[in-house]
Amino acid sequence: LVYGESSIGATGGIVGYSSKNIENCHNVNTTVIANRSSGGIVGFAKGNIEKCTNKGSVIGIGSNTGGIAAMTNTTLIRECVNYGVVRGQDGQQAEL
């Protein structure tokens with residue numbers, strides 16, 4: 001379980017914030033719960049994300065929730081798969 005409660009931070013199953021490329025990372029069974037920018041692999045990414053898999057649950061209590069990344073900035077996401085359950089602020093499961 002990864003729990004993030006920072007009002008300005010980002011939380012991910014592998015890393016919270018990254019300005020570098022992320023490759024070949026796999027979140028197998030970690031649940032991510034955060035009040036802002038919750039991602040199965042990364043909360044906020046500025047680098048590319050490639051060949052990553054998320055099989056953990058992601059629960060976003062606040063804004064920005066994603067199976068691979070919650071927020072990105074000029075990021076290419078390639079050959080990544082999300083198998084985990086993703087739930088947003090109102091508790092609704094995302095249609096994947």
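A salt bridge here is a side-chain nitrogen of Lys or Arg lying within 4 Å of a carboxyl oxygen of Asp or Glu. By that rule, this predicted model comes out with a count of one salt bridge. The two side chains that meet in the bridge are those of Glu50 and Arg78, at 3.3 Å from N to O. The pair links distant parts of the chain, with Glu50 in strand 8 and Arg78 in strand 12, 28 residues apart.

The two ends of the bridge are not equally covered. Glu50 counts as buried because its relative accessible area is 17% and the cut-off for buried is under 20%. Arg78, at 38% relative accessibility, counts as partly exposed. The side chains of Glu50 and Arg78 also score as a polar contact, again at 3.3 Å. Setting aside residues up to four places away in sequence, Glu50 touches Ile22, Glu23, Asn24, Arg78 and Cys80.

Those contacts lead on to the sheet around the bridge. Strands 4, 8 and 12 form an open sheet of three strands, in the order 4-8-12 and with parallel pairing. Strand 4 (22-23) and strand 12 (77-78) stand at the edges with a single partner strand each, so one side of each has no neighbour in the sheet. Strand 4 and strand 8 (residues 49-50) run parallel and are joined by two bridges. Glu23 has Glu50 as its bridge partner in strand 8. Glu50 thus turns up twice, as the bridge partner of Glu23 and as the salt-bridge partner of Arg78.

Next comes the nonpolar interior. The largest nonpolar core has nine residues in all: Ile22, Cys25, Ile41, Val42, Ala45, Ile49, Cys52, Ile68 and Ala69. One of its members, Cys25, can be followed a little further. Leaving out neighbours within four places in sequence, Cys25 is in contact with Ile14, Ile41, Lys51, Cys52 and Thr53. Among these, Ile41 and Cys52 are listed in the core as well.

Aromatic packing is quickly told, as the structure holds one aromatic pair. Tyr17 and Phe44 make up this pair, which is tilted, with 5.6 Å from centre to centre and 40° between the planes. Tyr17 lies in strand 3 (residues 15-18) and Phe44 in strand 7 (residues 42-45), so the pair ties together parts of the chain that are 27 residues apart in sequence. As for exposure, Tyr17 is partly exposed at 43% relative accessibility, whereas Phe44 is buried, with a relative accessible area of 17%.

Another set of parallel pairings runs through strand 10. Strand 6 (residues 32-39) and strand 10 (residues 58-66) pair in the parallel sense over six bridges. Strand 10 also runs parallel to strand 14 (residues 86-87), with two bridges joining them. Ile59 is a handy marker for both pairings: Ile33 stands opposite Ile59 in strand 10, and Ile59 in turn stands opposite Arg87 in strand 14.

Further along strand 10 sits Ile61. At 40% relative accessibility, Ile61 counts as partly exposed. The C-alpha atoms of Ile61 and Asn35 are separated by 4.5 Å, although the two residues are 26 residues apart along the chain. With neighbours within four places in sequence left aside, Ile61 is in contact with Tyr3, Ile33, Ala34, Asn35 and Gln89. Ile33 therefore appears here as a contact of Ile61, while standing opposite Ile59 in the strand pairing.

Finally, there is the loop between strand 5 (26-27) and strand 6, which is where Val28 is placed. Val28 is exposed, since its relative accessible area is 58% and the cut-off for exposed is over 50%. Beyond neighbours within four places in sequence, Val28 is in contact with Lys55 and Gly56. Val28 and Gly84 are 56 residues apart in sequence, yet 9.2 Å apart in space from C-alpha to C-alpha.

Technical notes
Residues are numbered from 1 along each chain as its sequence is written. This is a predicted model: local features need pLDDT of at least 70, side-chain atom pairs count only at pLDDT 80 or more; totals for chains, interfaces and linings use all residues. Side-chain values use heavy atoms; hydrogens and water are left out. Two strands pair if DSSP finds at least two bridges between them. Helices (H or I, at least four residues) and strands (E, at least two) are DSSP runs, numbered from the N terminus. A nonpolar core is a set of buried Ala, Val, Leu, Ile, Met, Phe, Trp, Tyr and Cys residues joined through side-chain atoms within 4.5 Å. Buried means under 20% relative accessible area, exposed over 50%, partly exposed in between (1.4 Å probe, protein chains only). Contact means heavy atoms within 4.5 Å. A polar contact is a pair of N or O atoms within 3.5 Å; within protein, one must be able to donate a hydrogen and the other to accept it, and residues adjacent in sequence count only if both atoms are side-chain atoms. Rings of Phe, Tyr and Trp (its six-membered ring) pair if their centres lie within 6.5 Å; planes under 30 degrees apart count as stacked, over 60 as edge-to-face and the rest as tilted.
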